[in-house]
Amino acid sequence: MTSDIAAILGIDGIATGAVYALVAIGTVLIFTVTRVIFIPFGDIAAFTALTLAALDAKRFPGTGALVVVLACLATLIEIISLIRSGDIRLLPRALLFYLAIPLAVVGIAWLVMRMEPPLAVRLVLALMLITPIAPLLDRIVFRPIADGTVLLLLTVSVALHFALVGLGLLFFGPEGVRTEPLTSFSTEFAGVLISGQTMLIVIAALVFSGLLYLFFDFTLVGKSLRATAVNRTGSRLMGIRPARAGTIAYLLGSLMAGVSGILIAPVNTVFYDSGFLIGLKAFVGAIVGGMTSYPGAAIGAVGVGILESFASFQSSALKDVIVFSLLIPILIWRSLASLHSEEEIEE
Amino acid sequence: MTRLHVQLAAAAALACLALAPVVLSPFSITLMNYIGIYSLVAIGLALLTGVGGIVSFGQAAFVGIAAYATAWVSTLNGQSPWLGLLFGVVLTCGVAAILGVVTLRLQGHFLSLSTVAWGLAIGFLFGNVDGLGRFNGISSIPPISLGSFALVSSAQIYYLIWGIVALVLLLGYNLLDSRLGRAMRALRGGNTLVESLGINAFRIKLVTFVIAAFLASLSGWLYAHMSRFISPGPFDASMGIEYLMMTMVGGAGSLLGGVVGAAIVTLLKNSVQDYLPLIAKGASGQLEIVAFSALFILFLQWARRGIVPSIARYLPKIRRERPKPALPLPRRPQPTPGELLLKVDGAERRFGGLVAVNNVSFEVRSGEILAVIGPNGAGKSTMFNCLTGALRVSKGDIVFAGRSIVRDPQSRIAKAGVARTFQHVKLRPRMSLLENVMLGTYSRTSSGLFAGAFRLNRREEASARHEALMQLERVGLGDKPFELAGNLPLGNQRILEIARALAADPALLVLDEPAAGLRRQEKLRLAELLRSLRADHLTILIVEHDMEFVMSLVDRIVVLDFGSKLCEGVPSAIRSDERVQEAYLGGVA
């Protein structure tokens, strides 16, 4: 391997890694606030790419139907649980959040799409359509077992991923998509060609992590999320509702995943089931950060991207084997590094 | 319900299974074969996940290793499938042992995530290695032959599959009811509990892990030679989830649940395939996995216990006879009364800048009751943890029975004759009183995996059971040995912990705040029990908060304050010591 090739592989790896980093940060966000290891984030990213491709092709994406179905389900479950607990006066609020807003989003997207909007608007539409999915899934799937063990939540999360893959095939079909590049700009740096797309990916990753940092440190909502992450009971005593904090975390997380989906779509061909590997590799990065540190997760994810890039140069067939085998030493390191009190397993 | 009833039910089930090929259609038999093959994996997972508390997403990879191994031996190299079985089992168990050694020290969800990692890595390997057919797989695998008789049709291999399942269930239930099985069932109580019984928790986890992999390898072998064709698909990550699903649906703690779960999931999947196209034309493949995952999620939300345990609750309890007298277990040589048993010499323990225990020295002589007392934050619990090996001292030495124990792991200290109880009671609530106390005999008994599975341990089991009953009677809990430990009130749970400790035949009994949370009557009973144990020449060290309880009971007291030893002496001297009064009351009253 010459230094030229190494440089190309390195840059490629950083770009891939930056995409993983966005998903990894979302994963850490959800885990700290809700204790759910949300494996389906990768699917959210892939669905965003598929949504954008459909919009580009002037078709209304399957995401719309998916959101409508999930919104109806979530509303139904919310109504049943409200009736059971006797809080019927909260009904209008539930209808607004779980039914009206998601349906309004789909409606707006449908109307705007007919006007054949420019690329920038299509990007916004894709993100708008994708963000309700994770919060709705949270209501349907995780809220009823919010007090379960991490292991139970993980098992459910893995099952949910498989359900989403099935839904992905149903709503998007088996064809892979690759969207048009967001920019055709490219430049040469120290003799290596760097595409504008690569630069865009890295910049977007930096900007969004920066925004998240500002959100956490300088807004009250951000601080309430951090408080929930540290101590659920304590923050509840301070008037913060963990369920609401969870919803905000899912919204933010899916926004990050959506952005990463948009960024990866012009570089890689995305299929309905591409999300799993994106999600898992981001997850490897998140584990490097111990599932708690945002910078750690970002660095870990970039590391995974670089490793993958070099591994695929050595043996493209075995690159995934290499990446996942590497997870084991990382896990051992993290497990040794984190001193946590032993929890007895639920009987 | 007696043992005989259970045996009759098992015999009836076996008869039904044996008659099935006569009654059922060939298609149903094929379905039954798949159920049997999946059952083996699910039974292994029930052991690993339900009993041992290790959630594995990667069992499909083990099935795949064995299937590819036997296909490689029998198809690509033309050898007998039986050689393939041997190769597959050895290879799978070898891989499992290596993975286990590397990952089983991981804690909680880290461990489960590592199973996702190696499950995926191995799964990707099948489709990407040259010489294993890549994604096309390996076809025309020969059938299994018994002599010159080849098991070609589904009815022929049916008897082999279900024979193996029945045998595995029998051996599995034997194992769970043995010394090793009880240790496995204790794993979910946490490492500290298991190690305090003289059990090497890591070794037990490794054995459980390899057993589960072994069962998966049997399944892989049968699968390869039944379907006569293998490709990477059936061994990928989604199949790993499906096995976990089978186990949890059946009831993770129950071996029979593995079979029931495999049957339900397989039949359900089959009917989903049949009926979904009627509801939604053209979308069956996609909807199948969605419907399936949704059912699983609903199941986890509403019925985490699983089917078999839920039904078992309504069955009449099995009536069991009181254990009969048997040969006593060997006893350890007890120290002579008055001899130096434990010597703590300048012990120090730091947490970063905080010195929790600072240069503490004291001695325990055989036959006495010594109390370590002190106000909150005095360093009592840290001292206790150093004594039992849960923490290492930063400086100083602790000598037990003439040997330094500061470098020993907990299980080694327990084996040397230090038995402990816990401030927050650690019992196995779903095991009977008798079984909980039998856990204490672990270090006095020796039968292993094979002796347990094939019931070659009867004499030792009888002795252990008798010993446990004797200890239950000694502490006054001998009237209901088959009651579940979780049903006892707190006072009796503490006493049960003492019985468990006594079953280890300890030289030193260490009690961590035994009076905490007890009512007055319970405290009096506890004090009386401890006095009777002293009369039997047992040495007892109590770490305690409750002054009244300690003063009337113990021979000598060591007082700790802010991590250092304040003073030491007989109760009356301690009571009148001004420094002690100041430490407890903040000044001489």
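1. The expected span of a helix is 1.5 Å times one less than its number of residues. In this predicted model, helix 1 of chain A covers residues 3–34, which is 32 residues, so a span of 46 Å is expected. The end C-alpha atoms of helix 1 are 44 Å apart, which agrees. Just after helix 1 of chain A comes A:Arg35, with a positive phi of about 65°.

2. Which elements of chain A give two or more residues to the side that touches chain B? They are helix 7 (150–172) and helix 14 (319–337) of chain A. Helix 7 of chain A gives the most, with 16 residues. The contact as a whole takes 37 residues from chain A and 41 residues from chain B. On the side of chain A that touches chain B, 26 residues are nonpolar, 5 are polar and 6 are charged.

3. An unreviewed UniProt entry places the feature "transmembrane region" on chain B at residues 34–55, 82–103, 110–129, 157–176, 206–224, 244–267 and 287–303. Two of these stretches can be set against the model. Residues 157–176 of chain B are 100% helix and 0% strand, and their end C-alpha atoms are 29 Å apart. Residues 244–267 of chain B are 83% helix and 0% strand, with the end C-alpha atoms 16 Å apart.

4. Two packed helices are described by the angle between their axes and the distance between the axes. In chain B, the axes of helix 3 (residues 59–76) and helix 10 (residues 237–250) come within 7 Å and cross at roughly 115°. Angles of 65 to 115 degrees count as roughly perpendicular, so helix 3 of chain B is roughly perpendicular to helix 10 of chain B. From helix 3 of chain B, B:Gln59, B:Ala60 and B:Ala61 meet B:Met239, B:Gly240 and B:Tyr243 of helix 10 of chain B. By class, this contact of helix 3 with helix 10 of chain B has 4 nonpolar, 2 polar and no charged residues.

5. Helix 16 (residues 433–440) of chain B packs against helix 18 of chain B, where the axes come within 8 Å and cross at roughly 110°. That angle makes helix 16 of chain B roughly perpendicular to helix 18 of chain B. Helix 16 of chain B brings B:Leu433, B:Leu434, B:Val437 and B:Met438 to the contact, and these meet B:Ala464, B:Arg465, B:Ala468, B:Leu469, B:Gln471 and B:Leu472 in helix 18 of chain B. The residues of the contact of helix 16 with helix 18 of chain B divide into 8 nonpolar, 1 polar and 1 charged.

6. Helix 18 (residues 458–475) of chain B also packs with helix 19 (residues 490–502) of chain B, at an angle of about 135° and with the axes 9 Å apart. Is this pair of helices in chain B oblique or roughly perpendicular? The angle makes helix 18 of chain B oblique to helix 19 of chain B. The crossing of helix 18 with helix 19 of chain B is right-handed. Helix 18 of chain B contributes B:Gln471, B:Leu472, B:Arg474 and B:Val475, while B:Ile495, B:Ile498, B:Ala499 and B:Leu502 come from helix 19 of chain B. Of the residues in this contact of helix 18 with helix 19 of chain B, 6 are nonpolar, 1 is polar and 1 is charged.

Conventions:
Residues numbered from 1 in each chain as written. Chains lettered and ligands numbered in written order. Predicted model: local features only at pLDDT ≥ 70, side-chain atom pairs only at ≥ 80, totals over all residues. Contact = placed C-beta atoms within 7 Å. Helix = DSSP H or I, 4+ residues; strand = E, 2+ residues; numbered from the N terminus. Nonpolar A, V, L, I, M, F, W, Y, C, P; charged D, E, K, R; others polar. Axes fitted to C-alpha atoms, helices over the stretch in contact; angles between N-to-C directions. Parallel < 35°, antiparallel > 145°, perpendicular 65-115°, else oblique. Left-handed = near helix turned anticlockwise from the far one by under 90°. UniProt positions renumbered as here; feature names shortened; annotations may be inferred.
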